Amino acid sequence: MKQVKEKSIGLAIALNLLLPGVGYMYMGKVIVGIGALLLVLGTFAARADYVLPAWIGINLIMAIDMLLLGKKNQKDVASKTLKKCPRCAEMVQKEAAVCRYCNTIF
Ligand SMILES: [Zn+2]
């Protein structure tokens with residue numbers, strides 16, 4: 001089973017700022033990360049006067065994407081560690097023997 005770990009979105013965004021695409025690699029999206037890195041490097045190589053706006057634009061897009069990925073990551077983590085109580089439908093820890101909301105015994 002693939003282990004799902006909680007990832008830090010702040011760290012992912014910081015990594016992308018440092019070196020575009022690294023945040024993606026950190027989030028497990030290696031191909032997208034390499035693509036973003038090549039895109040920025042390509043911009044650097046093509047025209048120097050594009051670099052700053054392109055770099056800011058790409059980072060903005062990546063930051064939004066990181067937030068979306070982070071939400072999905074949190075959901076994955078939750079689905080691995082939580083279960084739904086059959087009586088009150090609240091999410092409780094998978095290992096719980098008793099629902100903390102309605103005291104149902106599992
Ligand atoms: Zn319950």
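In which helix is Phe 44 found? Phe 44 belongs to helix α3, which comprises residues 30–46. The model in which this residue is examined is a predicted one. With 13 C-beta neighbours inside 10 Å, Phe 44 counts as partly exposed, because a residue must have 20 or more such neighbours to be buried and 12 or fewer to be exposed. Ala 54 follows ten residues further along the chain, and the C-alpha atoms of Phe 44 and Ala 54 are separated by 9.2 Å.

The overall architecture gives this helix its setting. The protein chain contains four helices and two strands, and their order along the sequence is α-α-α-α-β-β. The radius of gyration of the chain is 20 Å, whereas the globule rule gives 13 Å for 106 residues; the chain is therefore more spread out than a compact globule. Its C-alpha trace spans about 65 × 25 × 15 Å along the principal axes. Of the 106 residues, 14% count as buried. Among contacts with a separation of 6 or more, 30% join residues that are 24 or more positions apart.

Confidence in the prediction may be considered next. The average pLDDT of the protein chain is 87, and 95% of the residues score at least 70. Among the elements, strand β2 (residues 91–93) has the highest mean pLDDT, 94, and α3 the lowest, 86.

Helix α3 can now be examined along its length and around its axis. At 1.5 Å a residue, its 17 residues should span 24 Å, and the end C-alpha atoms are indeed 24 Å apart, so the two values agree. The buried residues of α3 are Gly 33, Ala 36 and Val 40. These cover an arc of only 65° around the axis, which puts them on the same side of the helix. They pack against α2 and α4. The face turned away from this buried side carries exposed residues, namely Val 30, Ile 31, Leu 38, Leu 41, Gly 42, Ala 45 and Ala 46.

Helix α1 (residues 9–18) may be described in the same terms. Its buried residues are Ala 12, Leu 15 and Asn 16. Viewed down the axis of α1, they fall within an arc of 100°, and they therefore line one face of the helix. What covers these buried residues includes α2 (22–26) and α4 (51–81). On the face of α1 turned away from the buried side lie the exposed residues Gly 10 and Leu 18.

Which residues make up the largest nonpolar core? This core has nine residues in all: Ala 12, Leu 15, Tyr 24, Met 27, Ala 36, Val 40, Met 62, Met 66 and Leu 69. Helices α1, α3 and α4 are the elements that give two or more residues to the core, and α4 gives the most, with three. In soluble globular proteins, nonpolar side chains tend to be buried together.

Met 66, a member of this core, illustrates how separate parts of the sequence meet. Leaving aside neighbours within four places in sequence, Met 66 is in contact with Ile 9, Ala 12, Ile 13, Asn 16, Gly 23 and Met 27. Of these partners, Ala 12 and Met 27 are also listed in the core, while Ala 12 and Asn 16 are among the buried residues of α1.

Note on methods. Residues are numbered from 1 along each chain as its sequence is written. This is a predicted model: local features need pLDDT of at least 70, side-chain atom pairs count only at pLDDT 80 or more; totals for chains, interfaces and linings use all residues. The arc is that of the directions from the helix axis to the C-beta atoms. Two residues are in contact if their C-beta atoms, placed from the backbone, lie within 7 Å. The radius of gyration is taken over C-alpha atoms; the globule rule is 2.2 Å times the number of residues to the power 0.38. The expected span of a helix is 1.5 Å times one less than its number of residues. A nonpolar core is a set of buried Ala, Val, Leu, Ile, Met, Phe, Trp, Tyr and Cys residues joined through C-beta atoms within 7 Å. pLDDT is the predictor's confidence in each residue, from 0 to 100.
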